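Please open the model in a viewer and keep the sequence panel visible. The tour below proceeds by selection, each stop giving what to pick and what is there.

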Amino acid sequence: MLGWSRITAPTRGWMRVLGLASFGCSLVVGACTTPAEIGNSRVSGTATTGEGTTAGTGMGSSTGADEDSGLLPGCQQYDMLFVIDDSEGMAAAHHRLIDTAPDFIRRLRNMTGVSPVNLMVVDTSGGEPPASLPVHECQGADCCVAMCEQGAIKPYPYCSEDGGAMRTCAEWRLEVEFGECDRSLGAGRTYNGGEFRDCNGLEGNRYAVSEDSPLAGPFGCLGNVGDGGNPDERIADAMTRALQMSQAGDCNEGFVRDDAVLLVAIFTNAAMTGSPADLEAWREALAAAKGGDESKIVVLGIFGDGDLPQPVCEADEAVNAPRLRQFVDSYGDRGVACSVCSLDYSDCLDEAGAAMTAACEAFETP
């Protein structure tokens, strides 16, 4: 486990609900024989191989808990919001997260029977140009595409051909015009910012909805937010706006559900700046999304740890983030903090799973 793990009792609950002894397996990819993730999925076209689907029956429903799952009625779903820093220098960490998170989601769903899962990714710039508006102009057709491919305009991906409209690298490479939600901080992402390709299978949503199938494909696409975003990371705003935009008629409509445990995962090498009053405002925004019930919220922070006695991060790898740590710690056993500089996030995500399972066990039917 990580050197600064704080989950204890919930971890025991996580292991109890998973029933690892009865499954006779470990938490390593492919090491378990578990209930299959099969059936119709709204993201099936994006799933990749490697998560091992076999014949079986789906687990969980929206009307009542499976009698053998050990879960209370009402804890039937998970909503997972990943707030991922898209500024320069994050690419390697993105790939480590993409390698780890899908298996965490698979284990959580297979062994608890909670389904479906809403999965949304937002970045920390939201397609908004930097305040100082450093942009680029070039002459000739496809000159902006060439600049984007060469990485010549990082970290400010705004370019104009022959004096025309300023567009992001994603727009040039995808050959699309972004709409209001695409340019709104907190709106769920719909494309891969590292490879500049659409993340198919969202069916009009700005988040993936999987009832039974694996989420490796969707997260592998959405989670690769790229590292050409605004270096002025707006972490807290992205987090709070994403939840506020879940209201009817807004960009993320339907993401937050009343009968779901909400995971908010913040992934950055920067820091959330603010005062104690700001911290309370952040908590109030999350609580509002769950009708004022914070017991249904789990917060995971993966960020710099240079302010700890034995940090994983080198001095130039990540910014110290005391306010972000304070925010995560304020959730007690439902807050998990880990180092963004770790080479493997498995233990970290398992602790988040422990906290989610504990929240799920305590979930009361409305």
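Helices (H or I, at least four residues) and strands (E, at least two) are DSSP runs, numbered from the N terminus. The model is a predicted one, in which local features need pLDDT of at least 70 and side-chain atom pairs count only at pLDDT 80 or more, while totals for chains, interfaces and linings use all residues. Residues are numbered from 1 along each chain as its sequence is written, and side-chain values use heavy atoms, with hydrogens and water left out.

**Whole chain**

Begin with a cartoon of the entire protein, which has 10 helices and 11 strands. Of its 366 residues, 56% count as buried; buried means under 20% relative accessible area, exposed over 50%, and partly exposed in between (1.4 Å probe, protein chains only). Contact means heavy atoms within 4.5 Å. Among contacts in the protein with a separation of 6 or more, 75% are between residues 24 or more positions apart.

**The largest pocket**

Next, select Gly 193, Phe 196, Val 225, Gly 228 and Gly 229. Of the 39 residues that line the largest pocket, these are the closest to its centre. The pocket has a volume of about 520 Å³. On a 1 Å grid over the protein atoms alone, a pocket is an open set of points with protein on both sides within 12 Å along at least five of seven lines, whereas a cavity is a set where a 1.4 Å probe fits but cannot get out; lining residues have an atom within 4 Å of a point. Grid points are joined across faces, edges and corners, and a volume is the space filled by probe spheres set on the points.

Now add α3 (91-112) and α5 (169-174), each of which supplies at least two residues of this lining. The largest share, 3 residues, comes from α3. Colouring the lining by class gives 14 nonpolar, 17 polar and 8 charged residues. In this scheme Ala, Val, Leu, Ile, Met, Phe, Trp, Tyr, Cys and Pro count as nonpolar, Asp, Glu, Lys and Arg as charged, and the others, Gly among them, as polar.

**An enclosed space**

The structure holds 3 cavities of 30 Å³ or more. For the second largest, select Phe 82, Leu 97, Ala 265, Ile 266, Phe 267, Leu 300, Ile 302 and Leu 349, which line it. About 40 Å³ of space lies inside this cavity. Its lining has 8 nonpolar, no polar and no charged residues. β9 (260-267) and β10 (297-303) each supply at least two of them, and β9 gives the most, with 3 residues.

**The nonpolar cores**

Keep Leu 300 selected and add Tyr 78, Met 80, Phe 82, Phe 219, Phe 267 and Val 340; these are the residues with the most contacts inside the largest nonpolar core, which has 47 residues. Such a core is a set of buried Ala, Val, Leu, Ile, Met, Phe, Trp, Tyr and Cys residues joined through side-chain atoms within 4.5 Å. Elements that each supply at least two residues of this core include β1 (77-84), α6 (216-222), β11 (335-339) and α10 (346-361). Apart from it lies another core, of 33 residues, among them Leu 81, Val 83, Leu 185 and Ala 242.

What does Leu 300 touch, not counting residues up to four places away in sequence? Its partners are Leu 263, Val 264, Ala 265, Ile 266, Val 336, Cys 338, Cys 348, Leu 349 and Ala 352.

**Strand β2**

Select residues 117-123, which form β2. Of its 7 residues, 7 are buried. Val 117, Leu 119, Val 121 and Asp 123 point one way, and Asn 118, Met 120 and Val 122 the other. Two strands pair if DSSP finds at least two bridges between them. β1 and β2 pair in the parallel sense over 7 bridges, with Val 117 as the bridge partner of Tyr 78. β2 also pairs with β8 (residues 208-210), in the antiparallel sense over 3 bridges; there Asn 118 stands opposite Val 209.

**Val 312**

Finally, select Val 312, in the loop between β10 and α9 (322-329). Val 312 counts as partly exposed because its relative accessibility is 40%. Leaving aside neighbours within four places in sequence, Val 312 is in contact with Asp 305, Glu 317, Ser 339, Cys 341 and Ser 342. The C-alpha atoms of Val 312 and Ser 339 are separated by 6.6 Å, although these residues are 27 apart along the chain.
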